[in-house]
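User: Please take a close look at one part of this model, the salt bridges and their surroundings, and set it beside the nonpolar core.

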Amino acid sequence: MAYNYVLSLGSNIEPRLRYLQQAVGLLSRTGNILQKSSVYETQPWGDKEQEIFYNCAVEFETELAPQEMLGRI
């Protein structure tokens, strides 16, 4: 059975873009990337004394059931 997941990814530690790209690459090992948003910047909330975040969202399909997927990510 195939499952679809959507994850929101973010990094505020340099190299921010490379970390997002690596995360998407690792997710692609678990299944098929269906869609990926553009990368965008967001301000931190809560502890405002942080660097600005790079974020993106990824939709992918995998055979991993929810509990397995949680363990993987």
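Analyst: In this predicted model, glutamate 14 is exposed, its relative accessible area being 56%. Arginine 16, by contrast, counts as buried, since its relative accessibility of 12% falls under the 20% cut-off. The side chains of these two residues, glutamate 14 and arginine 16, meet in a salt bridge with an N to O distance of 3.1 Å. Arginine 16 also forms a salt bridge through its side chain with that of glutamate 41, here at 3.8 Å from N to O. Because arginine 16 belongs to helix α1 while glutamate 41 belongs to strand β3 (residues 40-42), this pair ties together parts that are 25 residues apart in sequence. Through shared partners, the salt bridges join Glu14, Arg16 and Glu41 into one network, and the count of salt bridges by the rule applied here comes to 2.

Helix α1 (16-28) also takes part in the largest nonpolar core, being one of the elements that give two or more residues to it, together with β1 (3-11) and β4 (53-62). That core has 10 residues in all, namely Tyr5, Leu9, Leu20, Val24, Leu27, Cys56, Val58, Phe60, Leu64 and Met69. In soluble globular proteins, nonpolar side chains tend to be buried together. Within the core, phenylalanine 60 can be followed through its contacts: leaving aside residues up to four places away in sequence, phenylalanine 60 touches Tyr3, Asn4, Tyr5, Leu7, Leu27, Thr30, Asn32, Ile33, Leu34 and Met69.

Notes: Residues are numbered from 1 along each chain as its sequence is written. This is a predicted model: local features need pLDDT of at least 70, side-chain atom pairs count only at pLDDT 80 or more; totals for chains, interfaces and linings use all residues. Side-chain values use heavy atoms; hydrogens and water are left out. A nonpolar core is a set of buried Ala, Val, Leu, Ile, Met, Phe, Trp, Tyr and Cys residues joined through side-chain atoms within 4.5 Å. Buried means under 20% relative accessible area, exposed over 50%, partly exposed in between (1.4 Å probe, protein chains only). Helices (H or I, at least four residues) and strands (E, at least two) are DSSP runs, numbered from the N terminus. Contact means heavy atoms within 4.5 Å. A salt bridge is a side-chain nitrogen of Lys or Arg within 4 Å of a carboxyl oxygen of Asp or Glu.
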